[in-house]
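I opened the model to look up a few packing details. My notes are below the structure.

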Amino acid sequence: RLLLEMFLERLGMRPEDLSFLQRITLLRHARGQKESAAHGPGASLLLNPGDYGIQGRPVSVPLAAYFERLRPLLRPAMDRLSEVVEGEAARANGVDPRGLGAVYLVGGSSNLPLVPTMVAERYPEARILCTGHPFTSVAMGAAIVAAEAVPVREIFARHFGVIRLAGPERREVFCRIF
């Protein structure tokens with residue numbers, strides 16, 4: 001929403017000036033532009049209003065300006081991280097933030113370059129690790145925990161094997177492997 005607001009400011013428009021469909025479509029575009037910031041060092045996020053039936057010239061939002069306006073919105077998450085790492089529960093479990101070796105970031109927002117930057121600012125001694133699967137890492141972690149807690153046995157409804165040609169008549173025979 002913030003990026004959409006910034007695009008609209010540059011167009012001299014307000015969100016109320018858009019139809020419902022335009023707002024939804026532009027939000028999708030803004031999300032795509034935000035996510036593209038994670039895939040390259042592009043200096044600007046772009047919008048061509050003509051693509052969405054809006055009058056005006058193409059506009060761009062410098063990535064640095066977007067991050068500057070986004071930073072205050074991310075501060076509550078950084079404060080929550082500090083609470084987890086430095087709070088009473090962490091101390092009770094022997095976690096010392098000064099000896100923090102690494103912070104492993106998961107979730108789609110961890111792809112936004114500003115997030116690991118802010119974590120590194122908060123914990124300069126720690127390595128910042130980002131998952132290669134940001135959108136599935138939480139589910140993968142839950143599956144790992146569940147696999148350790150729940151006994152699993154594999155059951156095949158059918159046998160696994162190969163079909164080969166046997167005998168002089170070359171008939172198909174199923175040879176079960178398991």
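These entries cover a helix pair, salt bridges, a buried leucine, an aromatic pair and one more helix.

**Entry 1: starting point.** I noted at the outset that this is a predicted model.

**Entry 2: helix 1 and helix 2.** I looked up how these two helices meet. Helix 1 spans residues 2-11 and helix 2 spans residues 20-36. Their axes come within 8 Å and cross at roughly 110°. Angles of 65 to 115 degrees count as roughly perpendicular. Helix 1 and helix 2 are therefore roughly perpendicular to each other. I then listed the residues in the contact. Helix 1 contributes Leu3, Leu4 and Phe7. Helix 2 contributes Arg23, Leu26, Leu27, His29, Ala30, Gln33 and Lys34. I sorted the residues of this contact by type: six are nonpolar, two polar and two charged.

**Entry 3: salt bridges.** How many salt bridges does the count give? I get seven. I took three of the pairs in turn.

I began with glutamate 16 and arginine 14, whose side chains form a salt bridge at 3.0 Å, N to O. Glutamate 16 has a relative accessible area of 58%, so I recorded this residue as exposed. I also found a network of salt bridges that links Arg14, Glu16 and Asp17.

I moved on to arginine 122 and aspartate 79, a salt bridge of 3.3 Å, N to O. This pair joins distant parts of the chain, 43 residues apart. Arginine 122 lies in helix 5 (residues 114-122), and aspartate 79 lies in helix 3 (residues 63-86). Arginine 122 has 33% relative accessibility and so counts as partly exposed. Aspartate 79 is partly exposed too, at 44% relative accessible area.

Next I checked glutamate 83 and arginine 80, which meet in a salt bridge at 2.9 Å, N to O. Both residues sit in helix 3, three residues apart, or about one turn of the helix. Arginine 80 is partly exposed, with a relative accessible area of 47%.

**Entry 4: leucine 45.** I placed leucine 45 in strand 1 (residues 44-47). Is leucine 45 buried or exposed? The relative accessible area of leucine 45 is 2%, and under 20% counts as buried. I listed the contacts of leucine 45, leaving aside neighbours within four places in sequence. They are Leu3, Phe7, Gln33, Ser36, Ala37, Val59, Ser60, Val61, Leu63 and Tyr66. For glutamine 33 I also looked up the C-alpha separation from leucine 45: 5.9 Å, with their positions 12 residues apart along the chain.

**Entry 5: aromatic rings.** I searched the whole structure for aromatic pairs and found one. The pair is tyrosine 66 and phenylalanine 67, with ring centres 6.0 Å apart. Their planes stand at 40°, so I logged the pair as tilted. Tyrosine 66 is buried, at 4% relative accessible area. Phenylalanine 67 is buried as well, at 15%. I had already met Tyr66 among the contacts of leucine 45.

**Entry 6: helix 5.** Which residues of helix 5 are buried? I found Leu114, Val115, Pro116, Met118 and Val119. I then asked what they pack against. The buried residues of helix 5 pack against helix 3, strand 3 (102-105) and strand 4 (127-130). Helix 5 and helix 3 are also where I placed arginine 122 and aspartate 79.

Conventions. Residues are numbered from 1 along each chain as its sequence is written. This is a predicted model: local features need pLDDT of at least 70, side-chain atom pairs count only at pLDDT 80 or more; totals for chains, interfaces and linings use all residues. Side-chain values use heavy atoms; hydrogens and water are left out. Axes are lines fitted to C-alpha atoms, for helices over the stretch in contact, and angles run from 0 to 180 degrees between N-to-C directions. Helices (H or I, at least four residues) and strands (E, at least two) are DSSP runs, numbered from the N terminus. Angles under 35 degrees count as roughly parallel, over 145 as roughly antiparallel, 65 to 115 as roughly perpendicular and the rest as oblique. Contact means heavy atoms within 4.5 Å. Ala, Val, Leu, Ile, Met, Phe, Trp, Tyr, Cys and Pro count as nonpolar, Asp, Glu, Lys and Arg as charged, and the others, Gly among them, as polar. A salt bridge is a side-chain nitrogen of Lys or Arg within 4 Å of a carboxyl oxygen of Asp or Glu. Buried means under 20% relative accessible area, exposed over 50%, partly exposed in between (1.4 Å probe, protein chains only). Rings of Phe, Tyr and Trp (its six-membered ring) pair if their centres lie within 6.5 Å; planes under 30 degrees apart count as stacked, over 60 as edge-to-face and the rest as tilted.
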